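Thanks for coming, everyone. I would like to walk through one model this morning, and I will put it on the screen before I say anything about it.

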Number of protein chains: 2
Amino acid sequence: MREPPKFATLLLVKLAMSPRIRQSPYYRSTLAAGASAFTVYNKMLMPITYGDLEAEYDRLINGVSMWDVAAERQVQVEGPDADACVQYLSSRDLSKMVEGQGKYIAMCDYEGRILNDPVLLKLSGGRYWFSLADNDMLLWCKAIAHEKGFDVRVTEPDVSPLAVQGPKAEDLVAELFSEEIRSLKYFWFIETSLSIAPETDPIPLVLCRSGWSKQGGFELFLQDGSRGDELWEAVAAAGQKYGIGPGAPNAVERVESGLLSWGGDTTPDSSPYEAMMGKYVHPHIEADFIGKAALARIAAEGPKRLMVGLIVEGDGAGMLMSDRRTAIYQDGEQVGTLAALVKSPRLGKTIGLGQVRTEVVEAGDPVEVESQTGWVGASLTSLPFTLPGGT
Amino acid sequence: MREPPKFATLLLVKLAMSPRIRQSPYYRSTLAAGASAFTVYNKMLMPITYGDLEAEYDRLINGVSMWDVAAERQVQVEGPDADACVQYLSSRDLSKMVEGQGKYIAMCDYEGRILNDPVLLKLSGGRYWFSLADNDMLLWCKAIAHEKGFDVRVTEPDVSPLAVQGPKAEDLVAELFSEEIRSLKYFWFIETSLSIAPETDPIPLVLCRSGWSKQGGFELFLQDGSRGDELWEAVAAAGQKYGIGPGAPNAVERVESGLLSWGGDTTPDSSPYEAMMGKYVHPHIEADFIGKAALARIAAEGPKRLMVGLIVEGDGAGMLMSDRRTAIYQDGEQVGTLAALVKSPRLGKTIGLGQVRTEVVEAGDPVEVESQTGWVGASLTSLPFTLPGGT
């Protein structure tokens with residue numbers, strides 16, 4: 001039997017394309033920009049790298065990077081009962097949410113297991129968007145809305161986010177739109193459009209201060225899929241003086257920053273308390289929502305596992321495959337699983353994210369991680385990792 | 001801008017692996033057998049070819065082929081209300097269904113749009129499996145069951161089909177199990193196990209006469225994911241004298257045979273009447289099911305589009321990309337879309353599957369298909385294609 005490849009930043013296989021797997025509105029632009037590997041996310045191709053992971057990391061940390069994240073699909077809920085329906089689908093208290101605001105929320109099933117961790121946007125006209133991780137919530141939301149009798153319409157609208165991330169993102173976005181965007185708070189947004197030429201209709205979009213990194217930035221929720229290449233081109237052109245280049249949700253930065261990858265870090269039985277989302281879960285509000293009783297019970301009992309950072313001895317060679325989870329042991333007994341492992345340029349260390357039994361996390365003693373050459377020692381640490389410079 | 005590649009049997013991109021994308025219990029065996037390209041199906045890698053599409057087609061048509069189709073995941077429904085819940089989720093009359101029987105069914109939404117076209121198996125102990133195409137029905141089924149108050153448990157069990165397909169499949173499966181399997185009718189099954197060695201526990205599985213080809217064969221629904229490589233090895237060893245080799249759901253054979261690819265041939269607004277499934281949809285039964293009223297209305301009005309075969313002039317060069325749909329025109333007006341195009345060895349022609357407006361299908365006049373070099377003529381034909389030898 002052929003052995004799986006050794007530790008590498010990315011393990012690749014060849015994917016046969018099919019109309020079943022959608023192309024993003026930016027697909028042709030990303031190919032032209034050199035996209036060299038993809039993932040499939042919400043049944044859509046999403047670029048993962050343009051072939052130079054170090055340069056992509058550097059742009060994100062020190063400059064500005066643009067990402068095709070159209071695969072973050074939206075579920076739109078609109079209609080007279082939208083407020084009640086969206087609250088019923090969400091584990092977070094939404095009673096004070098106002099138009100123009102976004103919130104990071106957990107959507108759970110009846111047993112309090114996390115089905116998705118979207119950003120929820122409250123738009124004008126009583127509409128909401130769940131901006132989703134990789135799980136087909138359209139089916140879930142449609143079934144719930146209909147069977148509960150909510151007077152709403154649930155659809156997947158033609159909305160495709162383009163992320164602009166990094167410390168120079170704000171200057172670029174202010175130049176593209178207006179200086180006023182500098183006062184947008186995190187997860188807040190405006191419904192606007194981008195004028196690209198006098199004779200051309202402006203491109204309709206929602207501009208939100210958000211994105212799957214901790215380096216600051218915006219997501220441009222394009223509202224006309226036929227204009228993806230135009231939007232890409234406009235951002236690339238305006239970004240040139242800031243040294244913009246293409247990138248993608250970054251595996252190294254997100255581990256350093258402790259950002260959750262739903263379905264990667266979590267397993268089908270994970271609760272939001274096990275996924276660092278406890279502070280966004282409110283089982284004691286008056287309004288009913290799915291999983292409320294189960295979440296109250298889990299909160300009272302305390303979660304059995306916690307997400308933690310791991311600092312691993314050595315360079316991680318022979319350890320984690322990027323395609324699977326690795327067992328974490330202590331005193332010869334399995335106490336958790338490691339879901340991601342990267343070499344952190346800013347820490348100069350090999351670090352990971354995993355789920356570990358609560359009592360082991362609280363005791364704080366070192367653990368061991370499986371590798372192809374034996375056991376490798378690791379210490380546990382809270383998330384995000386403490387990085388040089390204090391972020 | 002870089003041009004997309006010209007017409008090819010398979011368009012490939014590189015896929016970065018992730019714990020978010022599952023590996024099948026047969027994954028290591030398929031790599032060892034030379035799997036060279038995959039698709040992502042129900043969030044699981046599924047091999048698409050082992051690098052020799054002609055040999056794979058030949059084995060399927062003239063010999064026997066084995067396929068890792070673990071990505072056909074099951075949703076299991078069990079409990080006191082299982083019969084009523086499964087009927088509510090299905091557009092087909094299930095009142096006469098008995099244990100040991102499978103049925104090809106449509107699952108629709110409230111507007112009568114097809115969400116999936118699984119084979120439904122009725123097992124012992126009042127359990128059902130929906131054996132699914134690529135759409136996450138677990139979320140749909142859980143939401144419906146809970147909100148309707150059905151007393152059932154809805155899960156994704158540890159069940160991973162391995163298909164054995166081709167004219168020699170029956171001889172092989174009879175040798176592996178018993179001569180009695182020869183009397184199994186199409187879509188019927190037995191709950192059994194495979195003894196592979198005296199000192200080893202038999203491998204638990206469900207053996208069903210089914211599979212996504214018209215060449216005959218069986219699917220072995222493995223019920224213990226830890227034993228995938230053992231099952232693969234046992235089938236490969238016993239199949240040696242029949243010339244067995246690895247394969248995958250075959251794009252050429254399935255077009256020749258007119259088998260539906262949900263999500264490939266269908267679009268999110270397709271009804272089962274537009275997807276050749278009209279005879280399996282029963283909106284006039286007494287029992288209630290999702291989409292019943294909408295389906296009755298669509299049936300009365302008649303579907304606006306129909307799936308048809310197309311016989312295309314020439315060799316198809318410059319025509320259809322394997323990653324997208326192509327427009328079908330008549331008299332300068334778009335009348336449909338082509339979803340798949342292959343060269344049929346048995347017909348010696350270039351053939352395709354598409355959805356075309358009903359009145360155009362009924363008139364039967366030639367159409368034209370877009371290509372990179374202009375218009376290509378095509379004639380419409382019913383499905384399956386009439387193949388030499390009368391099948």
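How many bridges join strand β18 (residues 326-330) of chain B to strand β19 (residues 333-344) of chain B, and do they run parallel or antiparallel? Five bridges join β18(B) to β19(B), and the two strands run antiparallel; strands here are DSSP runs of E with at least two residues, helices are runs of H or I with at least four, and both are numbered from the N terminus, while two strands are said to pair if DSSP finds at least two bridges between them.

Before going on, I should say that this is a predicted model, in which local features need pLDDT of at least 70 and side-chain atom pairs count only at pLDDT 80 or more, whereas totals for chains, interfaces and linings use all residues. Residues are numbered from 1 along each chain as its sequence is written, and chains are lettered from A and ligands numbered from 1 in the order in which they are written.

Staying with that hairpin, Ala327(B) has Thr337(B) as its bridge partner in β19(B), and there are two residues between the strands, with Asp331(B) taking a positive phi near 50°. On β21 (residues 367-371) of chain B, β18(B) has a further antiparallel partner, joined to it by two bridges, and there Tyr329(B) is matched with Glu368(B).

Ala339(B), which is placed in strand β19 of chain B, counts as buried, with 24 C-beta neighbours inside 10 Å; the cut-offs are 20 or more other C-beta atoms within 10 Å of a residue's own for buried, 12 or fewer for exposed, and partly exposed in between, with C-beta atoms placed from the backbone. If we leave aside its neighbours within four places in sequence, Ala339(B) is in contact with Pro19(A), Gly264(B), Asp265(B), Arg325(B), Leu353(B) and Gly354(B), where contact means that the C-beta atoms of two residues, placed from the backbone, lie within 7 Å.

That list includes Pro19(A), and this brings me to the two chains together. Chain B can be laid on chain A by a turn of 180° with a shift of 0.0 Å along the axis, at an RMSD of 0.0 Å, the superposition being by least squares on the C-alpha atoms of residues with pLDDT of at least 70 in both copies. That is the relation of a two-fold axis, and the same surface serves both copies, in that 100% of the contact residues of chain B recur in chain A.

In the interface itself, 46 residues of chain B are in contact with 46 residues of chain A. On the chain B side, β1 (12-16), α1 (27-32), β2 (37-41), β3 (44-49) and α4 (137-147) each supply at least two residues, and α4(B) gives the most, with seven residues. By class, that side has 24 nonpolar, nine polar and 13 charged residues; Ala, Val, Leu, Ile, Met, Phe, Trp, Tyr, Cys and Pro count as nonpolar, Asp, Glu, Lys and Arg as charged, and the others, Gly among them, as polar. Across the interface, strand β1 (residues 12-16) of chain A pairs with β1(B) in the antiparallel sense over five bridges, and Lys14(A) stands opposite Lys14(B).

Let me turn to the backbone geometry. Most residues other than glycine have a negative phi, and most peptide bonds are trans. Against that background, Lys43(A) has a positive phi of about 60°, and this residue sits in the loop between β2 (37-41) and β3 (44-49) of chain A, where it is partly exposed, with 19 other C-beta atoms within 10 Å. Met276(A) also has a positive phi, near 60°, but it is buried, with 20 other C-beta atoms within 10 Å, and it lies in the loop between α7 (251-257) and α8 (292-301) of chain A. The peptide bond from Leu383(A) to Pro384(A) is cis, with omega near -5°, and the bond from Leu383(B) to Pro384(B) is likewise cis, with omega near -5°.

Finally, helix α6 (residues 228-239) of chain B: which of its residues are buried? They are Gly228(B), Leu231(B), Trp232(B), Val235(B) and Gly239(B), and seen down the helix axis they fall within an arc of 100°, so they line one face of the helix, the arc being that of the directions from the axis to the C-beta atoms.
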